[in-house]
Amino acid sequence: MKRRIKQFLQLLLGVVTFALMTPIALGRLCWGKIVKLWRKVARPLQIALAALVAMLTIFIAAMAVYALYDVNFGRDRCKDYSIAPQLMVHTFNDGKCRIFNSQLDKYVTPRLDDISTIEEGDSVARFAIKRKSGYLNAYTGEIIVPTATYDCCFRFSEGLAAVMECGKIGFIDRTFNYVIEPKFDCRFYAFDCEYNQYPHFMGGLCVMGDGATKKFGIINTQGEWVVEPKYDNIDMPDINQMRVIYKDDAVGVVSSRGEIIYQADYESIDILDNDAGFVLTRAGRMWHESLSGQVLEPFIFDSYRGLGYNEYDEKSGQENYRVSRYSTYIIGECVGLMDATTYRPITTAVYGNIEQISATQFLIYDNILGCHYQKSIFDLRVGDTAY
């Protein structure tokens, strides 16, 4: 019995030993083969790994360069806009823009600094590049050669467009030939096409500045002065093609033919619609005239304010407030006195304020620099101030 147990234990020990040594032997055998294999493929694998790292580095660098380029020069699609059904302006992050023609499926211009919208019914748009301006074909988007030579160019109006060269303004026609040679020096004032503040003809006349006098006048389509350049500013024409002119804080009016209707010596002039004439203000007076100069309403005003005063009652010993038959009328920021029952003016509207202190007396304040200063007492019984 003991012998069998001993044999069994010896067998068990042999099995365990075999089980333990077999993996070790196999591992040593595999490791030896792996080492031999690695010695064969190590160099090619190292080269492949180095190539992979290099390719990854190049890819990352390329992506970084592309991202940098896109940030500075890539498309800014949010600012794209259309100037014609087939023409789209593509904008870029560096502020440049190009025209893409969808019919041709390609860009038709180089990168430009600016491209204007196309006015309804117009055949050209304006562009700027390297401090020069020119015109584009509104149908194809292509640059009209050789118009990219102007210092500045503006919209066409009545068949003519103002262009600037060497600080001088002239006018070209639709064939891009000069009708009026550049001779007007306008470098002393700024242009704003959005608000029509640029040289353009309306009704055959154009407001133009003179570099010598630093004043404005009006020229015709031959480039001749119709209104001499001696005004501080000239408005756009109204619906009647008349213009308000400004000089030394006074205003006047020019007709559609460039004739002076009113010299610039009025405080204000309102041109009324439907040929209703003018409302004129001067020296504290406001009145209405027809287009022919006939006075239609000799006395008008912006608004009025009633007056009153306190009167002492000897019987009761109290002061009672009396509503006056007189009132102040207001023209602009100045005040005058009138009879509220007849709307007859008593004084011109040249005062800062008027207060009534009795039935016939008024305290008048002078209007100096927008402040009210006591000036005098005006008595209706004396009448020392008149309209």
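# A guided tour from hairpin to helix

Begin by selecting β8 and β9, which form a hairpin with two residues between them, and note that E158 in the turn has a positive phi of about 55°. Strands here are DSSP runs (E, at least two residues) and helices are likewise DSSP runs (H or I, at least four), numbered from the N terminus. What you have open is a predicted model, in which local features need pLDDT of at least 70 and side-chain atom pairs count only at pLDDT 80 or more, while totals for chains, interfaces and linings use all residues. Residues are numbered from 1 along each chain as its sequence is written, and side-chain values use heavy atoms, with hydrogens and water left out.

Stay with the hairpin: β8 and β9 run antiparallel and are joined by four bridges, and F156 stands opposite A161 in β9. Two strands are said to pair if DSSP finds at least two bridges between them. Strand β9 (residues 160–165) is mostly covered, with five of its six residues buried, where buried means under 20% relative accessible area, exposed over 50%, and partly exposed in between (1.4 Å probe, protein chains only).

Next, extend the selection to β10. β9 and β10 pair in the antiparallel sense over five bridges, with M164 opposite I169 in β10, and in their hairpin, which has two residues between the strands, C166 takes a positive phi near 55°. Strand β10 (residues 168–172) is in turn joined to β11 by four bridges, again antiparallel, and the bridge partner of I169 in β11 is F184.

Now show the four strands together: they form an open antiparallel sheet in the order β8-β9-β10-β11. Its edge strands are β8 (152–157) and β11 (178–185), each of which pairs on one side only, and the twist averages 20° from one strand to the next.

Turn to the aromatic rings. The structure holds 18 aromatic pairs, a pair being rings of Phe, Tyr or Trp (its six-membered ring) with centres within 6.5 Å, called stacked when the planes are under 30 degrees apart, edge-to-face when over 60, and tilted otherwise. Select Y135 and F176, whose ring centres are 5.5 Å apart and whose planes meet at 40°, so the pair is tilted. This pair links distant parts of the chain, since Y135 is in strand β7 (residues 132–137) and F176 in the loop between β10 and β11, 41 residues apart. Y135 is buried, with a relative accessible area of 1%.

Then select F299 and Y329, an edge-to-face pair at 4.9 Å centre to centre with 90° between the planes. F299 lies in the loop between β22 (295–297) and β23 (303–313) and Y329 in strand β24 (residues 318–331), so the pair ties together parts that are 30 residues apart in sequence. Both rings belong to residues that count as buried, F299 at 15% relative accessibility and Y329 at 0%. Add F301, Y304 and Y343 to the selection, and you have one aromatic cluster with F299 and Y329.

A further stop is the open antiparallel sheet of four strands in the order β15-β16-β17-β18, with β15 (233–234) and β18 (260–266) as its edge strands. Within this sheet, five bridges join β16 (residues 243–247) to β17 (residues 250–254), and V244 has V253 in β17 as its bridge partner.

Finish at helix α1 (residues 2–73), where V16 is found; V16 is partly exposed, with a relative accessible area of 40%.

Technical notes:
Axes are lines fitted to C-alpha atoms, for helices over the stretch in contact, and angles run from 0 to 180 degrees between N-to-C directions.
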